[in-house]
Amino acid sequence: MKMGDAVVSLTINGTSVAVQPGATVLDAVNRLGLPLPQLCKDPDRPALGACRTCLVKVEGMHGFPASCHLPAREGMVVSTNDPVLTRIRNGVLDLTCGMATPSLNRPGFGQLSDACARLGFFQRRHMPWRHTPVDDTKSFFVLDRDACILCGRCTVACNDVQQIGAIALLGRGARTTVGVFGDGSLASSVCTSCGQCVATCPTGAIRPKEAPAPVMREVETTCPYCGVGCGIRLRVRADGRLALIADDVPTNRSSLGMLCVKGRFGTGFIHAADRITPPMVRRNGSWHPVSWDEALDAAAEGLVTNRGRFGALASAKATNEDGYIVQKFVRAVMGTNNIDHCARLCHSPSVVAMLRSLGSGATSNSYDDYEAAGCLMVVGSDPSSNHPVIAVRLRQAVSRGARLIVVNPKRIELCDQADLWLQQRPGTDVTLFNAMARVIIDEGLTNLEFMRNRTEGFEAWRESLEPYTLQFAEQVTGVPQEQIVQAARWYAKPLFAGSCLIWGMGITQHTNGTANVHALLNLSLVTGQMGFAGSGISPLRGQNNVQGCCDAGCLPTHLPGYQRYTPEALEKFEAAWGVRIPNSAGITLTEMIEACLDGSIRAMYMVGENPLLTEPNLHHATRALSNLDCLVVQDLFLHETAELAHVFLPAAAFAEKEGTFTNSERRVQRVRKALDPPGEAKPDWWITSELARRVAQRLGVLSSGFEYSHPAEVFEEMARLVPFLAGISHDRLDREGGIQWPCPTSDHPGTRFLYAESFPIGKAQFVPVVQTAEAAELPDHDFPFLLNTGRILYHWHGGTLTRRVQGLLELAPRLEVAINPEDARRLDIDQGTLVRLTSRRGELTAYAQITEAVRAGEVFIPFVKLAESGANILTNSVYDPFAKIPEYKVCAVMIERLGK
Ligand SMILES: Nc1nc2c(c(=O)[nH]1)N[C@H]1C(S)=C(S)[C@@H](COP(=O)(O)OP(=O)(O)OC[C@H]3O[C@@H](n4cnc5c(=O)[nH]c(N)nc54)[C@H](O)[C@@H]3O)O[C@H]1N2
Ligand SMILES: Nc1nc2c(c(=O)[nH]1)N[C@H]1C(S)=C(S)[C@@H](COP(=O)(O)OP(=O)(O)OC[C@H]3O[C@@H](n4cnc5c(=O)[nH]c(N)nc54)[C@H](O)[C@@H]3O)O[C@H]1N2
Ligand code: SF4
Ligand code: SF4
Ligand SMILES: [Mo]
């Protein structure tokens, strides 16, 4: 509490204590650290007042009120240890304890057993014995009703916090239990294993399957999976391993105390038995563990020989500091701008289009704006599986009255909450949005003032919309005209506040990806839906640090901070690094793969990416990478790509190093070390710096520039060169928590939304775009099905990380392809039938999942590799001409039934 804040002072057990106005007596008790049971009170949630175990005595008040519900008032005199009170409260606690099964009345099972242990209340039971079998159908936790005291915390967590609605208090009176509707098991319910209920249960009735073990320390850090950037608290056990369950961080301003299954239960991959911990070189086809010196020298030799024929990939899983060092090494030492990363496969069309139209490639708003918006339009993105905590915030917005429009050829979970679902044919988004734009203009729903003052190019764009009549659009997209009109009206004129445009891979991973994004951006410009609270444009960033990896300069087209190769920028970097950087763009990730085939790239340095699962057309990519003279892989695991490498450098994982990640709302957040790296593994920034020094020495360039002793120094250097990060430092992040860039000075609070006043390029640009072919390869007689690829909640990309988390693998153990019932009937395929999918490039096997979620003629498969089958064997390596992103979302396949 800061000096001078208004406070309320009261006395508890003779000690005076001050709390903020609005605090409860329980808050004051906790402030003093007095041991008072409080079983139904989740520290992050309003009081439920259900368990009556936090009773206190207050001078001048009748009876013994529950302190969780009692506002603290000036001058109150409170006792927690009055003898009569204590007797009554212990009676309540004893009864509560008696509701739970004796087998659980032992220490280690949450607050109830702790409270009982203090009072010696074990091995008693007052309630009639109603033994209910434990529900252990979920992989990470069990529901054991015998230990339940019906406080209701879990049902609040599931229904009010996560808005999932898997469990409820069922039945009445003495028959009340926590359960799944219809008495089903948790596995049969809509439960997503988010663990919000597990984290809040005070008795262990919902508890992790892992046996309780003492926790030695807890470390607050940032989730290593997706771009939402949730705060997680790792718990380090006495045996030096992380506890299965990570806690949430209620003060994290992006996640607000919520997590999904991967952040809560998915961090165990760091302990995988096949983690590679010594550096290795491959000789005569087999791997040999060697010293760091030997491995780094071997890598340096291979790269030096191929200077001029070299490309590098940075990792969007690693930290900002790691990424900054990789690009510095590539530019300053290897003398090339051939540096890229998985953003190429992801939001590169968004970045290209946004830089051109607005001058910045980042999300303009904050997650808070989704909750404040009156209309949310979610295009080609499936947040329930891919950005689950954002999905919660979208559901919360809907329950507050916002309208939700889903635009997706596939029925996604969010369609359950949507007011309108536009199910267009894949690849026809330009037509759909151009037609919406025409409606907005024809019906006078434009924001004239915004257009006049803040944009350019309206007239030319308006003319380009001429062909996109509603009739034409219905014909091309398959979306009924009235739905197009409805969406246009709702987006242009939200019920309240503004409209948010949110999009994902359904828009970008097409040969017309950049055009799709422009068509969307034009909608936000013509309606002025950006630059104020509750509005904005959001490419939901995928990897935990893909935003930061772009910011740090791991792009062939831009220097750190999206600075172009202008003479001024080149001079600035020369002054900082002591060397002149090549002055033109390098080649992209997808172009590097092609260059391996024609021999113009002969050596590659790959940090934390696994292209031989995640590139399109894997046979083609494998041929390309097999051609290399020198492939250096730096990763946690010897994955498919690493198997082709010449040198393997073992990296430390997120929990084993210091640094920062930047999330999808531009929030720079701290990553903290909880454990030492296993064996000889080292943090990426250290490995790359050592490699850089060796290469520089051999080449006789740069005698210094890689002598960092801590990633904080790396961040400092980056912040000096990148104006929008200039006010951020590790120190400040430690003091204040995450900060959203732009943050130009050390006293700047960070920025919730961009474009309130102006655009970095002055005026925003309307860019006319036309519908080109829907896709490079469409279904035909031989390959009659359209294949759409993407993700599921329980797996991460090719599965390099999630296949190594047993509980995640159990939740999604086999590869399933979604097929419409009509097609299934025609092909005589049932639920679970093994089928073969074949494209012009390869084939795989998967199990049929018959579902109305996909349209007849279209099938969907996640690109995780399970049982040797991964979708990228099938996909097509054709690219968007501007962003060079592959067309992962459309190719043609045939399906054959293989058996049951
Ligand atoms: N669980 C999990 N979460 C993840 C990831 C993961 O691997 N697993 N990966 C992370 C990463 S790196 C990323 S980039 C994000 C991606 O997150 P999303 O963008 O949500 O990813 P996808 O599942 O690839 O595709 C989204 C949707 O695009 C739709 N779609 C396909 N074709 C079209 C089309 O022509 N038009 C439109 N409008 N929609 C279409 C698909 O039906 C699908 O629902 O997820 C991140 N989060
Ligand atoms: N068919 C199809 N293919 C797709 C897509 C699709 O929608 N459909 N989506 C594309 C998209 S959007 C993306 S982003 C790409 C993702 O493609 P990749 O980036 O290749 O996929 P990941 O599996 O996330 O690879 C991350 C690697 O980093 C390693 N790693 C984790 N932490 C660290 C660390 O701290 N340091 C180091 N050095 N390594 C670490 C992991 O072990 C793993 O090998 O896939 C693309 N491929
Ligand atoms: S894990 Fe999440 S979804 Fe499942 S019951 Fe608990 S709160 Fe609900
Ligand atoms: S939503 Fe994303 S950042 Fe949050 S816990 Fe899940 S995977 Fe991690
Ligand atoms: Mo991505």
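## Backbone features

Asn-617 sits in the loop that connects helix H23 (611-614) with helix H24 (618-626). In this predicted model, the phi angle of Asn-617 is near 45 degrees, a positive value in a residue that is not glycine. A second backbone feature involves Trp-741 and Pro-742, which are joined by a cis peptide bond with omega about 0 degrees. Pro-742 belongs to the loop between strand S27 (739-740) and strand S28 (764-765). Both features merit mention because most residues other than glycine have a negative phi, and most peptide bonds are trans.

## Environment of ligand 1

Ligand 1 has 34 residues around it, and those that come nearest are Asp-382, Asn-408, Met-505, Arg-791 and His-795. By class, this shell comprises eleven nonpolar, 17 polar and six charged residues. Domain 4 (352-539) and domain 5 (785-899) each supply at least three residues to the shell around ligand 1.

Nitrogen atoms of ligand 1 take part in several polar contacts with the protein. In the case of Lys-262, an N or O atom of the side chain is 3.2 Å from a nitrogen atom of the ligand. Two further contacts involve the backbone: an N or O atom of Gly-506 lies 3.2 Å from a nitrogen atom of ligand 1, and a backbone N or O atom of Leu-793 lies 3.1 Å from a nitrogen atom of ligand 1. Taken alone, ligand 1 exposes 930 Å², of which the protein buries 99%. Two or more residues of the shell around ligand 1 come from each of helix H11, helix H18 (505-508) and strand S29 (785-790).

## Environments of ligands 3 and 4

The shell around ligand 3 consists of Phe-141, Cys-158, Ile-164, Ile-167, Cys-191, Thr-192, Ser-193, Cys-194, Gly-195, Gln-196 and Cys-197. Seven residues of this shell are nonpolar and four are polar, with no charged residues.

Around ligand 4 are Cys-223, Tyr-225, Cys-226, Val-228, Gly-229, Cys-230, Leu-259, Cys-260, Gly-263, Pro-388 and Val-389. The shell around ligand 4 divides into nine nonpolar and two polar residues, and charged residues are absent from it.

## The second largest pocket

The second largest pocket holds about 1,200 Å³ of space. Its lining is made up of 42 residues, and Ser-385, Glu-413, Ile-792, Leu-793 and Tyr-794 lie nearest the centre of the pocket. Helix H11 (383-386), helix H12 (388-399), strand S30 (816-819) and strand S33 (858-862) are the elements that give two or more residues to this lining. The largest share, four residues, is provided by H12. In terms of class, the lining of the second largest pocket contains 23 nonpolar, nine polar and ten charged residues.

Leu-793 appears in two of these descriptions: this residue is among those nearest the centre of the second largest pocket, and its backbone offers an N or O atom 3.1 Å from a nitrogen atom of ligand 1. Helix H11 likewise contributes to the lining of the second largest pocket and to the shell around ligand 1.

How values were computed
Residues are numbered from 1 along each chain as its sequence is written. Chains are lettered from A and ligands numbered from 1 in the order in which they are written. This is a predicted model: local features need pLDDT of at least 70, side-chain atom pairs count only at pLDDT 80 or more; totals for chains, interfaces and linings use all residues. Side-chain values use heavy atoms; hydrogens and water are left out. On a 1 Å grid over the protein atoms alone, a cavity is a set of points where a 1.4 Å probe fits but cannot get out, and a pocket is an open set with protein on both sides within 12 Å along at least five of seven lines; lining residues have an atom within 4 Å of a point. Grid points are joined across faces, edges and corners, and a volume is the space filled by probe spheres set on the points. Ala, Val, Leu, Ile, Met, Phe, Trp, Tyr, Cys and Pro count as nonpolar, Asp, Glu, Lys and Arg as charged, and the others, Gly among them, as polar. A residue is near a molecule or strand if one of its heavy atoms lies within 4 Å of it. A polar contact is a pair of N or O atoms within 3.5 Å; within protein, one must be able to donate a hydrogen and the other to accept it, and residues adjacent in sequence count only if both atoms are side-chain atoms. Accessible areas come from the Shrake-Rupley method with a 1.4 Å probe; for residues, only the protein chains shown count as cover. Domain bounds come from an automatic or database domain assignment.
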